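Let's take a relaxed walk through this structure, one helix and one strand at a time. Have the 3D view open as you read.

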Amino acid sequence: FRLPDGPASDGFESMYGAALDQTLRGAGDEAFRALKDLKAKDPRAIAASNGAAYPGSPLGKRMQQIAQLIKADLGLRVAVTDCGGWDTHVAQGSTKGQLSARLQDFGGSLGAFLTDLSDRMDQICLVTLTEFGRTARENGNRGTDHGHGSAAFVAGGRVKGGHVLNAWKGL
């Protein structure tokens, strides 16, 4: 992502500044202030802390960018990212395979984020969730099919963890 600079940026800024609609003008002013703050603090230059090593995957990179934005103290309140590739039906594997690789990346990315921001976790709440479940029974292709159930994980210094917050209904 390249922060805008020069005549094009100035042109957009003056276009929003001349907007008759107050809401549009305010949103434009806020966006350009945020871009100037980003450019001044350059979060991309903020290194990982506490020995955190993010995976080189797209999710690892996005989690590192979110951590950089938090550490830049720009007032970030909410950040959202996603990671796809979970709809596996074949060759999921327990230690090697599609699902195993996704889980390793997911765990490594979250672990690096939590390590990187360990000194700030009392102010951060990390929530992970998925919108679909899997069956527990393996199909004929060494995978699983769509099923019911899901999981959400919550981490942070103020989270009172160690609980399963739902009744186990069995398989």
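## Sizing up a helix

A quick rule to start with: the expected span of a helix is 1.5 Å times one less than its number of residues. Keep in mind that this is a predicted model.

Now try the rule on helix α3, which covers residues 58-71. With 14 residues at 1.5 Å a residue, α3 should span 20 Å, and its end C-alpha atoms are indeed 20 Å apart, so the two agree.

## What α3 leans on

Which residues of α3 are buried? They are Leu-59, Gly-60, Met-63, Ile-66, Ala-67, Gln-68, Ile-70 and Lys-71. These buried residues pack against helix α4 (98-116) and strand β1 (126-129).

Just past the end of α3, look for Asp-73, which takes a positive phi of about 55°.

## Over to strand β1

β1 has two faces: Leu-126 and Thr-128 sit on the covered one, while Val-127 and Leu-129 are on the uncovered one. The strand also has a partner, since β1 pairs with strand β4 (residues 152-155) in the antiparallel sense, over four bridges.

## Zooming in on Thr-128

Is Thr-128, a residue of β1, buried or exposed? Buried means under 20% relative accessible area, and Thr-128 has 10% relative accessibility, so it counts as buried.

Across the strand pair, Thr-128 stands opposite Phe-153 in β4. Setting aside its neighbours within four places in sequence, Thr-128 is in contact with Phe-153, Ala-152, Ala-151, Leu-110 and Phe-106.

Conventions: Residues are numbered from 1 along each chain as its sequence is written. This is a predicted model: local features need pLDDT of at least 70, side-chain atom pairs count only at pLDDT 80 or more; totals for chains, interfaces and linings use all residues. Side-chain values use heavy atoms; hydrogens and water are left out. Buried means under 20% relative accessible area, exposed over 50%, partly exposed in between (1.4 Å probe, protein chains only). Contact means heavy atoms within 4.5 Å. Two strands pair if DSSP finds at least two bridges between them.
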